[in-house]
Amino acid sequence: MTRAVRNAKAPIFFFQAANDFDLSPSKKLAAAMNDVAKTYKLKIYPSYGDSPQDGHSFGYFGSDVWAEAVFGFLNQHCIK
(Lines give C-alpha, C1' and ligand atoms only; values in the text may rest on other atoms or scores of the structure.)
Protein backbone atom coordinates (compact mmCIF):
# COMPACT_ATOMS: atom_id res chain seq x y z
CA MET A 1 0.00 0.00 0.00
CA THR A 2 2.90 2.35 0.66
CA ARG A 3 4.09 1.94 -2.91
CA ALA A 4 0.56 2.55 -4.18
CA VAL A 5 0.17 5.86 -2.35
CA ARG A 6 3.65 7.01 -3.35
CA ASN A 7 2.58 6.44 -6.97
CA ALA A 8 -0.93 7.84 -6.56
CA LYS A 9 -2.10 10.21 -9.27
CA ALA A 10 -5.08 11.50 -7.27
CA PRO A 11 -5.13 13.23 -3.89
CA ILE A 12 -6.13 11.02 -0.98
CA PHE A 13 -8.04 11.88 2.21
CA PHE A 14 -7.15 9.45 5.00
CA PHE A 15 -9.54 9.42 7.93
CA GLN A 16 -10.36 7.25 10.89
CA ALA A 17 -12.10 7.50 14.22
CA ALA A 18 -9.73 7.75 17.19
CA ASN A 19 -11.08 4.50 18.62
CA ASP A 20 -10.49 2.40 15.50
CA PHE A 21 -8.42 -0.72 16.15
CA ASP A 22 -5.20 0.72 14.69
CA LEU A 23 -4.47 4.23 13.40
CA SER A 24 -1.00 3.44 12.12
CA PRO A 25 -2.03 2.51 8.54
CA SER A 26 -3.49 5.96 7.88
CA LYS A 27 -0.56 7.66 9.58
CA LYS A 28 2.04 5.63 7.69
CA LEU A 29 0.33 6.04 4.33
CA ALA A 30 -0.08 9.79 4.85
CA ALA A 31 3.61 10.01 5.78
CA ALA A 32 4.54 8.12 2.62
CA MET A 33 2.58 10.62 0.52
CA ASN A 34 4.20 13.50 2.38
CA ASP A 35 7.66 12.05 1.65
CA VAL A 36 7.01 12.30 -2.10
CA ALA A 37 5.12 15.62 -1.93
CA LYS A 38 1.75 14.18 -2.96
CA THR A 39 -1.50 15.91 -2.05
CA TYR A 40 -3.23 14.28 0.91
CA LYS A 41 -5.03 15.02 4.13
CA LEU A 42 -5.04 12.98 7.33
CA LYS A 43 -7.79 13.51 9.86
CA ILE A 44 -8.34 11.50 13.00
CA TYR A 45 -11.88 12.15 14.16
CA PRO A 46 -12.99 11.80 17.78
CA SER A 47 -14.06 8.35 18.92
CA TYR A 48 -17.15 7.01 17.21
CA GLY A 49 -19.33 4.78 19.35
CA ASP A 50 -18.08 2.90 22.36
CA SER A 51 -15.71 0.26 21.03
CA PRO A 52 -12.91 -0.33 18.53
CA GLN A 53 -15.47 -2.12 16.33
CA ASP A 54 -17.64 1.02 16.35
CA GLY A 55 -14.59 3.11 15.48
CA HIS A 56 -13.72 0.72 12.66
CA SER A 57 -17.20 1.10 11.18
CA PHE A 58 -16.90 4.91 11.18
CA GLY A 59 -16.14 5.06 7.45
CA TYR A 60 -19.41 3.31 6.70
CA PHE A 61 -21.78 4.53 9.39
CA GLY A 62 -20.25 7.92 10.23
CA SER A 63 -20.74 9.74 6.94
CA ASP A 64 -22.81 12.40 8.68
CA VAL A 65 -19.60 13.30 10.54
CA TRP A 66 -16.97 13.09 7.77
CA ALA A 67 -18.88 13.79 4.53
CA GLU A 68 -18.52 17.58 4.50
CA ALA A 69 -14.74 17.46 5.01
CA VAL A 70 -14.18 14.64 2.53
CA PHE A 71 -16.32 16.16 -0.22
CA GLY A 72 -14.76 19.57 0.42
CA PHE A 73 -11.32 18.01 -0.05
CA LEU A 74 -12.43 16.28 -3.24
CA ASN A 75 -14.01 19.46 -4.61
CA GLN A 76 -10.85 21.41 -3.85
CA HIS A 77 -8.39 18.94 -5.32
CA CYS A 78 -10.23 16.82 -7.87
CA ILE A 79 -12.56 19.11 -9.81
CA LYS A 80 -11.10 21.10 -12.65
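At 10% relative accessibility, Q16 counts as buried in this predicted model. Q16 sits in strand β1, and its side chain reaches the backbone oxygen of D22 at a distance of 3.1 Å. Leaving aside residues up to four places away in sequence, Q16 touches D22, L23, S26, K43, I44, Y45 and F58.

One of these contacts, S26, leads to helix α2, where S26, L29, A30, A32 and M33 are buried. These buried residues cover an arc of only 155 degrees around the axis, which puts them on the same side of α2. Their packing partners are α1, β1 and β2. On the other side of the helix, K28 and D35 are exposed. The helix has twelve residues and reaches 16 Å from its first C-alpha to its last, close to the 16 Å expected at 1.5 Å a residue. Just after α2, A37 takes a positive phi of about 55 degrees.

D35 also takes part in a salt bridge. Its partner is R6, and the closest N and O atoms of the two are 3.6 Å apart. The pair links distant parts of the chain, with R6 in helix α1 (residues 2–6) and D35 in helix α2 (residues 24–35), 29 residues apart. R6 is partly exposed, with a relative accessible area of 32%, whereas D35, at 55%, counts as exposed. The count of salt bridges in the model comes to one.

Helix α5 also has a buried side. W66, V70 and F73 are buried in this helix. Seen down the axis of α5, the buried residues fall within an arc of 55 degrees, so they line one face of the helix. The general geometry fits this pattern: an α-helix has 3.6 residues a turn, so residues three or four places apart point the same way. What covers the buried residues of α5 includes β1 (12–17), β2 (40–45) and α4 (58–61). The face turned away from the buried side carries the exposed residues D64, E68 and Q76.

The span of α5 can be set against that of a straight helix. A straight helix of 16 residues would span 22 Å at 1.5 Å a residue, but α5 (residues 63–78) spans only 19 Å between its end C-alpha atoms.

The aromatic residues connect several of these elements. The count of aromatic pairs comes to eight. The rings of F13 and F15 have their centres 5.9 Å apart and their planes at 70 degrees, so this pair is edge-to-face. F13 is buried, with a relative accessible area of 11%, while F15 is partly exposed at 21%. F15 also pairs with W66, in a tilted arrangement with 4.9 Å centre to centre and 40 degrees between the planes. F15 lies in strand β1 and W66 in helix α5, so the pair ties together parts that are 51 residues apart in sequence. W66 has a relative accessibility of 12% and counts as buried.

F13, F15 and W66 belong to one aromatic cluster, which also includes Y45, Y48, F58 and F73. Among its members, Y45 and F58 are contacts of Q16, and W66 and F73 are buried residues of α5.

How values were computed: Residues numbered from 1 in each chain as written. Predicted model: local features only at pLDDT ≥ 70, side-chain atom pairs only at ≥ 80, totals over all residues. Heavy atoms only, no water. Helix = DSSP H or I, 4+ residues; strand = E, 2+ residues; numbered from the N terminus. Expected span 1.5 Å × (residues − 1). Buried < 20%, exposed > 50% of the residue type's maximum accessible area, 1.4 Å probe, protein only. Arc of directions from axis to C-beta. Contact = heavy atoms within 4.5 Å. Salt bridge = Lys/Arg side-chain N within 4 Å of Asp/Glu carboxyl O. Polar contact = N/O pair within 3.5 Å; in protein donor to acceptor, adjacent residues only side chain to side chain. Phe/Tyr/Trp six-rings, centres within 6.5 Å; stacked < 30°, edge-to-face > 60°.
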